[in-house]
Structure formats: C-alpha cells, structure tokens
Amino acid sequence: MTEHLTAAQFRELNKAEKHGRIPRSSKAKRTVGGIVFDSMAEAKRYVLLQDMQRAGVISHLTLQPKYQLLVDGSLVGHYVADFEYLNATGQLIVEDVKSSFTRKDPLYRRNRKHMMAQYGIEVQEVVR
C-alpha cells in the first residue's frame, strides 16, 4: 500500500521548489508516492516519518486520522490530524503540520483543546 520516495526523487522535489518551478503558495498540493499532501512541509514530514518507521523508531503510521468531537454524547464535529503513530515506548502521537499563520486559527485551536479534553491527546504541532 505504501509507496516510497527514492532519495533521487526527494532531491528533485526539493530542487524544483528552490528554483521556483513549484509554486510556493501554501495552497499548492504536493504528491509523494501517489499521496496528495496540502503542503511541501507535510510531504517532507511524511517522508521523514516513513524513514523513522522503516528504522523501527515509530510504528503504525496513519495518514489523516479522523476523530469524532463529542459534547454530552452529541457529535459536534470532527478533527482530522495529518499523522498518527506510536513512538518507541508505544505512546500514541498525533501530529499536525502548521504554519505560524494557521496555528492561530481559532477553529484549529478550539479543536486542539477539544482533543485534549475528550481523548487526553495533546496534538503535536510541527511548525513549518
């Protein structure tokens, strides 16, 4: 199921971005191994997490895990993170790749707090 990006493909991807052939807009989608990501930072983080999984540092890497947000048993929304995995000690880690601008989004901040309140999960921010 998982396709791997070769070192040469990764270098070419970075080289293309540096020379302006790929739009630098945070809205531009990036494709790695047939998977579309919202940003270059998210795509790079995925490649790094795949390498960590192959090395045995993490396990059970999941893309776009979706959590139900409930209040008094009623569904009020969903939180979709970028990545979820187990670290070396078996602890569940939920990550979101964010820019300094999107970290300030009120909806994101509320949902992040909701994740802590409902599931006891502190969403780890990877700042690009």
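## Exercises on a predicted chain

Of the 128 residues of the chain, 35% count as buried, where buried means under 20% relative accessible area, exposed over 50%, and partly exposed in between (1.4 Å probe, protein chains only). The model is predicted, so local features need pLDDT of at least 70 and side-chain atom pairs count only at pLDDT 80 or more, while totals for chains, interfaces and linings use all residues. Residues are numbered from 1 along each chain as its sequence is written, and side-chain values use heavy atoms, with hydrogens and water left out.

**Exercise 1.** State how many helices and strands the chain has, and give their order.

*Solution.* Step 1: begin with the terms; helices (H or I, at least four residues) and strands (E, at least two) are DSSP runs, numbered from the N terminus. Step 2: the count is 3 helices and 8 strands. Step 3: along the sequence, the pattern reads α-β-β-α-β-β-β-β-β-α-β.

**Exercise 2.** Identify the largest nonpolar core and the elements that contribute to it.

*Solution.* Step 1: a nonpolar core is a set of buried Ala, Val, Leu, Ile, Met, Phe, Trp, Tyr and Cys residues joined through side-chain atoms within 4.5 Å. Step 2: the largest such core has 12 residues, among them Val-32, Phe-37, Ala-43, Tyr-46 and Ile-93. Step 3: two or more residues come from each of helix H2 (40–54), strand E6 (83–86) and strand E7 (92–98). Step 4: H2 gives the most, with 4 residues. Step 5: a second, separate core of 9 residues includes Leu-69, Tyr-79, Val-94 and Ile-121. In soluble globular proteins, nonpolar side chains tend to be buried together.

**Exercise 3.** Describe the surroundings of Gln-64.

*Solution.* Step 1: locate Gln-64 in the loop between strand E3 (59–63) and strand E4 (66–71). Step 2: its relative accessible area is 41%, so Gln-64 is partly exposed. Step 3: leaving aside residues up to four places away in sequence, Gln-64 touches Glu-42, Val-80, Ala-81 and Asp-82, a contact being heavy atoms within 4.5 Å. Step 4: the side chains of Gln-64 and Glu-42 make a polar contact (3.4 Å). Such a contact is a pair of N or O atoms within 3.5 Å; within protein, one must be able to donate a hydrogen and the other to accept it, and residues adjacent in sequence count only if both atoms are side-chain atoms.

**Exercise 4.** Determine how many salt bridges the structure holds, and examine three of the pairs.

*Solution.* Step 1: a salt bridge is a side-chain nitrogen of Lys or Arg within 4 Å of a carboxyl oxygen of Asp or Glu. Step 2: the structure holds 5 salt bridges. Step 3: one of them joins the side chains of Lys-29 and Asp-38 (2.7 Å, N to O). Lys-29 is exposed because its relative accessibility is 52%, whereas Asp-38, at 40%, is partly exposed. Step 4: Asp-51 pairs with Arg-54, with the closest N and O atoms 2.2 Å apart. Both lie in helix H2, 3 residues apart, about one turn of the helix. Step 5: Arg-112 pairs with Glu-125, the closest N and O atoms being 3.7 Å apart. This pair links distant parts of the chain, since Arg-112 belongs to helix H3 (residues 106–119) and Glu-125 to strand E8 (residues 124–127), 13 residues apart. Step 6: salt bridges that share partners join Arg-103, Arg-112 and Glu-125 into one network.
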